[in-house]
Amino acid sequence: MTATKPIKKILIANRGEIAVRVIRAAKELGIQTVAVFSDADQFSLHVKLADFAVRLPGNTSAETYLNVPVLVKAIKESQADAVHPGYGFLSENADFVDAVTMAGAKFIGPSAKAMRLMGDKIAAKRLMKEHKVPCTPGSEGPLKDLNDLQNHAKTVGYPMILKATAGGGGRGMRVVRTDADLAEAFAACTREAISYFGNPAVFCEKYIENPRHIEVQVLFDEQGNGVHLFERDCSVQRRHQKLIEEAPSSYLSHDQRMEIGRRAVTAAKAAGYASAGTIEFICESPDHVYFMEMNTRIQVEHTVSEEITNIDLVKWQIRVAQGEVLSMKQEDIKLRGWAIEARINAEDPAKGFLPSPGVVSSVRFPSGPGIRIESHLYPGYEIPQYYDSMVAKLIVWGEDRKTAMARLNRALGEFEIAGVPTTAKFHEAVLRHPIFIDGKMTTSFVEKEADFFKQEFLKVQSEDVDVAALLAAVFAADDQNLSQSGTLANSDSVGLRSRWFDSARHV
Amino acid sequence: MDWIVNIGERAIKISLPDSMPDNIPFMATMNEKAVEVIWQRATRLLKYRDCTDQRSIWKSVHTRSKNVSRFAGEPDVGVSIEFTPSGRFSTTILEATVSMALHGVHSQNQGGAKKKIKSLRSQITGKVLKVFAKPSGKVEPGDVLLIIEAMKMENRILATSSAVVDAILVSEGSMVAVGAELIIFERNIQIEHRYVQARS
C-alpha cells in the first residue's frame, strides 16, 4: 500500500460556485488555497475566500481559465502542490493533467490515461461492453462505408443516430428515420466530422426518443477500491443543459438501482479510474438502460448524491489525491431520503431563457431545515457576460420526494435575488406540473411543455391584480425618487446600473 | 401622485404620496380603495391593510425580484416583479408598464412584448457578433437583424414587421449593455427577440 502524501496548497483552476465549493472543502481539511481569476472575476467570491490569488490577464475563457501555459505559470508561482479543476473548462482535458504533473503538482482527479480512455467514445463503449454494461445497440466501431451502415440499419432499426467519433457538444450528429435518408445523412455527418473535428470517423446507434437521463456517481481511491453513491435523475433539461437534478430516481426499483450501480463500479474499475466520476445512462425504460458516457470529473449536481449519502465528494477527491484509502465499503453507504437541486441561472425563462448578465442589487438566500445553497453571489456582485450563466444551486433534502418538492417550493419563495431575472420562476412552474409531480419527466419535458411554462410565467390571479398594481407603482415611484435624488447605486433603472454600459459606450 | 399601471388588458389607478416614506405607514388608494401601506425599502417588504375596516389586519407581500426599466425620453416605466401575495404558496410573475397619470395625457403603450417601437434597444448585455441589417435597407418579417452573443449563447433578433432602416448604431464586435440603442428605423416596427441559442 502506498503511503499518503499530504497536500499543503491547492490551486483551483476554476471560478464561480465550484471554486467556492472546493475552497470550503480544502479549508475544512486544513489545506491552503490559491484562486485564479480573470479580469472580469477580480471581485468574485472565490477570490475573496481563497488564501492566495493569481490574476489571469484577460476576460474570455480562452485567455484565462482555458489557458494552460498561464495556469502552469500560476501553479509554479504560487507553489501549489495540487490542482483541482472543478467542472467544465479544463476538467476533462488529459493534456492539462499532463501539464499539471509536469509542473510538479498533483492533479485532483483521475489519471490522464483513464481520462483519455473514457474520452474516446468508441473505446469507452467497447470497455463497457466487455464488462457487461449495457450499451445502446449500434456499430461497435467506425463505419467502413455506406454498405456497412445499411447492414447496421437492418439490425438496429429506426430511428437511428449517426455520430462523429471525435464529436461532442451536440455537433456532428444526425438522426435518421428512413432508409431513403441514410445515404445523405451519412455523407453530411462525415462532412461535419471532417470540418469540425478533423476526423471523418462516424458510428451509428439506436436513437432513443424521449429518454430519461440517469447517472451513477462513483468514487474510487488510487488503490482500486470503489463504491457507487446511487443514481441521479437529470431528465429536466433544456438543450442538453440540466436544470433540475434529483437523487435517487423514482424511475428505478431498489434492485435496478443496485444493479446499475454495481455495473458502473465494475466499468470504472476496468478503466483504472480514481477519484469521483459519473457514468451517464440513457434510459428507454427501467429495464432498458444504456451506457452513454463517463464524466471524469466532479459534476455540478454532485450535491444531491452527497445529501442522500452523507459523503463529502469534494473532500474525498482531495483525500484520494493524497493517497488515502476509502474508509467506506458499499454496504456502509445508506440511501437516506430524497434530494433535489435546482440550478439558478441568470437567464429569463419567460423570454426563451434569455441570458441576463448584470448587477445583483440584492440577494437573500433561503434557509431553515433541509436547505443547502452553493453560490458565489453576494449583494452588489456583477455577473460577467463571459462565462456560464449558473449563479447558484439550491439543494433541498427531505425524507421523501414529496417532502423535498414542498421544501423546494418553500425555499424558492424565500429566495430573493434582485437586479437580474433568474430561472427560479421556472423551477416553481416545474413543481406545479403534473408530469414532474408524478416523476414521469423525460429529457424532452421542458421543450414539449413550453406552452404550459409560458402561461405559468405570466399568470397573475385576478384577485391579486390590484395588489400587483400597488407593488408595481411603489417600485416605479421608488425608482423615480432614487434616480432624482442621485442615489444611483440603489436604483436598477436600466442603463444606470452596470459597468458594461460604460464599456459599451466607449468601445 | 397618481400612477396608471397596465397589467395585461387592465389599467389600474394607484395613488401614492408624492414623497413615499420608508418604514412609516402612509395612505394610498388601490383601484379606488383606500389602503394603509408600509414600505420597507431595505427588505422590499410591502404591507397593506384596508382603511375602511377597523378590524383588518396587515397583509404582507413578499418580493423575490424586481426590475425597473426606464429609458430617457420614454414616459412609461417597465416593471417586472416576482412576488408572493399574502396567503399564497407560490410566486407570481408580473410584467407591467407604469406611467404617471398627468392631466390630459394618456399612456400610449399597452405593455407587453408586442408594442411597436422606432428604435431597437438591446435586452441583453453582450457582444454584437453579426449585423445583417443595412443602412437604408428594407427589412421583412422574419429577417434576422443582428446576433448578440452573451454567456456563451448566440441570440438572434428578428423583425416581425417590415420597415426601412434609418441608422445602425453598433458594429460587429461592439459591446452593448441592456437598453443600448442598436438600430433606428424610419417608422415604428415590431421586433421579436428570438433567442436561438447555439453554445458558442
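**Exercise 1. Which residue stands opposite I14(B) in β3(B)?**

Start with the strands. This is a predicted model, and in it strand β2 (residues 10-15) of chain B and strand β3 (residues 26-30) of chain B run antiparallel, joined by 2 bridges. Now look across from I14(B): its opposite number in β3(B) is M30(B).

Next, zoom out. The strands of chain B form a closed barrel of 8, in the order β1-β2-β3-β4-β5-β6-β7-β8, with antiparallel pairing. On average, and ignoring direction, neighbouring strands here are turned by 35 degrees against each other.

**Exercise 2. Find the largest nonpolar core and work out which domains it lies between.**

Step one: pick out the core. It has 43 residues, and V236(A), I383(A), L394(A), F426(A) and F436(A) are those with the most contacts inside it.

Step two: see what feeds it. Elements of chain A giving two or more residues include the strands β11 (241-247) and β21 (390-398), along with the helices α12 (401-414) and α13 (424-432).

Step three: bring in the domains. Both domain 3 (209-336) and domain 4 (337-459) of chain A contribute residues, so the core lies between them.

There's also a second, separate core, this one of 39 residues, with A35(A), I308(A), I318(A) and A321(A) among them.

**Exercise 3. List some contacts of L394(A), leaving aside neighbours within four places in sequence.**

Go through them in sequence order. L394(A) touches I340(A), E341(A) and A342(A), then P366(A). Carry on and you'll meet I371(A), R372(A) and I373(A). Further along, its contacts include L408(A), A411(A), L412(A) and F415(A).

**Exercise 4. Where do the buried residues of α7(A) sit around the helix axis?**

First, collect them: in helix α7 (residues 146-156) of chain A, the buried ones are D148(A), L149(A), H152(A), A153(A) and V156(A). Then check the spread. They cover an arc of only 145 degrees around the axis, so they are on the same side of α7(A). Finally, flip the helix over: the face turned away from the buried side carries K154(A) and T155(A), which are exposed.

**Exercise 5. Locate R239(A) and classify its accessibility.**

R239(A) is in the loop between β10 (226-238) and β11 of chain A. Its relative accessibility is 43%; partly exposed covers the range between 20% and 50%, so R239(A) counts as partly exposed. As for its surroundings, S444(A) is 205 residues away along the chain, yet the two C-alpha atoms are separated by 9.0 Å.

**Exercise 6. How far apart are the C-alpha centres of the two domains of chain B?**

Take the bounds from the domain assignment: domain 1 (2-100) and domain 2 (117-194). Their C-alpha centres lie 33 Å apart.

Note on methods:
Residues are numbered from 1 along each chain as its sequence is written. Chains are lettered from A and ligands numbered from 1 in the order in which they are written. This is a predicted model: local features need pLDDT of at least 70, side-chain atom pairs count only at pLDDT 80 or more; totals for chains, interfaces and linings use all residues. Side-chain values use heavy atoms; hydrogens and water are left out. A nonpolar core is a set of buried Ala, Val, Leu, Ile, Met, Phe, Trp, Tyr and Cys residues joined through side-chain atoms within 4.5 Å. Buried means under 20% relative accessible area, exposed over 50%, partly exposed in between (1.4 Å probe, protein chains only). Helices (H or I, at least four residues) and strands (E, at least two) are DSSP runs, numbered from the N terminus. Domain bounds come from an automatic or database domain assignment. Contact means heavy atoms within 4.5 Å. Two strands pair if DSSP finds at least two bridges between them. Axes are lines fitted to C-alpha atoms, for helices over the stretch in contact, and angles run from 0 to 180 degrees between N-to-C directions. The arc is that of the directions from the helix axis to the C-beta atoms.
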